[in-house]
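Please open the model in your viewer and keep the sequence panel beside it. The tour below moves from one selection to the next and says what to look for at each stop.

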Amino acid sequence: MTAQNWISSTDNRAAALAGTARMGQGFVWQDLQVGQQLRTFRRTVTETDLVNFINTTGMLEAIFIEDGYDGGAIRGRPVPGALTYTLIEGFILQSMIQGTGLAMLELHQKILGPVVVGDTIEALVEVTDIKPTSKGGRAVVTSRIEVYNQRQEQVMVYTAVRLLAGR
């Protein structure tokens with residue numbers, strides 16, 4: 001292959017890649033509608049998740065690090081609400097806003113019930129507001145996220161206001 005053929009072939013591959021839809025690409029704001037609902041995958045919270053999270057964040061409270069903590073009011077191995085939130089946000093990032101989420105602008109969260117090691121969580125995401133910005137084809141998108149355990153008990157609810165890219 002000559003240098004010219006290699007360059008031409010590389011240009012063709014680059015053009016093909018640039019024009020091909022990216023797998024896993026999130027929604028641009030124009031693809032969303034107020035009232036639209038999406039459901040995340042489910043995930044079982046493990047002991048390893050808890051240990052890694054508390055060691056990374058420094059949340060070394062007795063309730064999280066001592067099995068059967070006497071002062072605890074929750075049966076089982078409770079996990080921090082922040083861990084529940086981050087697991088759900090991970091699903092949202094991977095499936096809804098990957099490559100299109102520009103910024104988290106505001107967050108209001110309420111923890112309604114405990115999540116313990118062994119619980120399986122999932123969320124229902126509802127788009128509640130879309131406000132296009134004055135520049136750049138972006139929009140401020142507000143969503144309500146309800147988190148449920150395997151018994152369909154709501155354990156958390158939060159409102160996220162994000163800046164999303166457009167076309």
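Begin by selecting Tyr-158, which is buried with a relative accessible area of 0%, where buried means under 20% relative accessible area, exposed means over 50% and partly exposed lies in between, computed with a 1.4 Å probe on protein chains only. Before going further, note that this is a predicted model, in which local features need pLDDT of at least 70, side-chain atom pairs count only at pLDDT 80 or more, and totals for chains, interfaces and linings use all residues. Residues are numbered from 1 along each chain as its sequence is written, and side-chain values use heavy atoms, with hydrogens and water left out.

**The aromatic pairs**

Two aromatic pairs are counted in this model, under a rule that pairs rings of Phe, Tyr and Trp (its six-membered ring) if their centres lie within 6.5 Å, and that calls planes under 30 degrees apart stacked, over 60 edge-to-face and the rest tilted. Select Phe-41 together with Phe-91, whose rings form a tilted pair, 6.4 Å centre to centre with 45 degrees between the planes. This pair links distant parts of the chain, since Phe-41 sits in the loop between β1 (37–39) and β2 (43–44) and Phe-91 in helix α4, 50 residues apart; helices (H or I, at least four residues) and strands (E, at least two) are DSSP runs, numbered from the N terminus. Phe-41 is exposed at a relative accessible area of 64%, whereas Phe-91 is buried at 14%.

Now add Tyr-85 to Tyr-158: their ring centres are 5.1 Å apart and their planes stand at 70 degrees, so the pair is edge-to-face. Tyr-85 belongs to helix α4 and Tyr-158 to strand β6, with their positions 73 residues apart in the chain. Tyr-85 is also buried, with a relative accessible area of 17%.

**The nonpolar core and helix α4**

Which residues of the largest nonpolar core touch the most other members? Among its 31 residues, they are Ile-88, Ile-92, Val-141, Ile-145, Val-147 and Tyr-158, a nonpolar core being a set of buried Ala, Val, Leu, Ile, Met, Phe, Trp, Tyr and Cys residues joined through side-chain atoms within 4.5 Å. At least two residues of this core come from each of α2 (47–57), α4 (81–97), β4, β5 (139–148) and β6 (154–164), and α4 gives the most, with eight residues. In soluble globular proteins, nonpolar side chains tend to be buried together.

Select the whole of α4 next: 12 of its 17 residues are buried, so this helix is largely enclosed by the rest of the structure. Its buried residues include Gly-81, Leu-83, Glu-89 and Ile-97. Within the helix, Ile-88 touches Thr-40, Ile-121, Glu-122, Ala-123, Ile-145, Val-147 and Tyr-158, not counting residues up to four places away in sequence, where contact means heavy atoms within 4.5 Å.

Then show α2 beside α4: the two helices pack at an angle of about 110 degrees with their axes 10 Å apart, the axes being lines fitted to C-alpha atoms over the stretch in contact, and angles running from 0 to 180 degrees between N-to-C directions. That makes α2 roughly perpendicular to α4; angles of 65 to 115 degrees count as roughly perpendicular, under 35 as roughly parallel, over 145 as roughly antiparallel and the rest as oblique. Where they meet, Asp-49, Leu-50 and Phe-53 of α2 face Ala-82, Leu-83 and Thr-86 of α4 in contact.

**Two polar stops**

Move to Arg-162 in strand β6, which is buried with a relative accessible area of 7%. Its side chain makes a polar contact with the side chain of Glu-89 at 2.9 Å, meaning a pair of N or O atoms within 3.5 Å, of which, within protein, one must be able to donate a hydrogen and the other to accept it, while residues adjacent in sequence count only if both atoms are side-chain atoms.

Thr-120, in strand β4 (residues 120–132), is likewise buried, at 17% relative accessibility, and its side chain makes a polar contact of 2.7 Å with the side chain of Thr-44.

**A last loop**

Finish at Gln-152 in the loop between β5 and β6, an exposed residue with a relative accessible area of 51%. Gln-152 has a positive phi of about 65 degrees although it is not a glycine. Most residues other than glycine have a negative phi.
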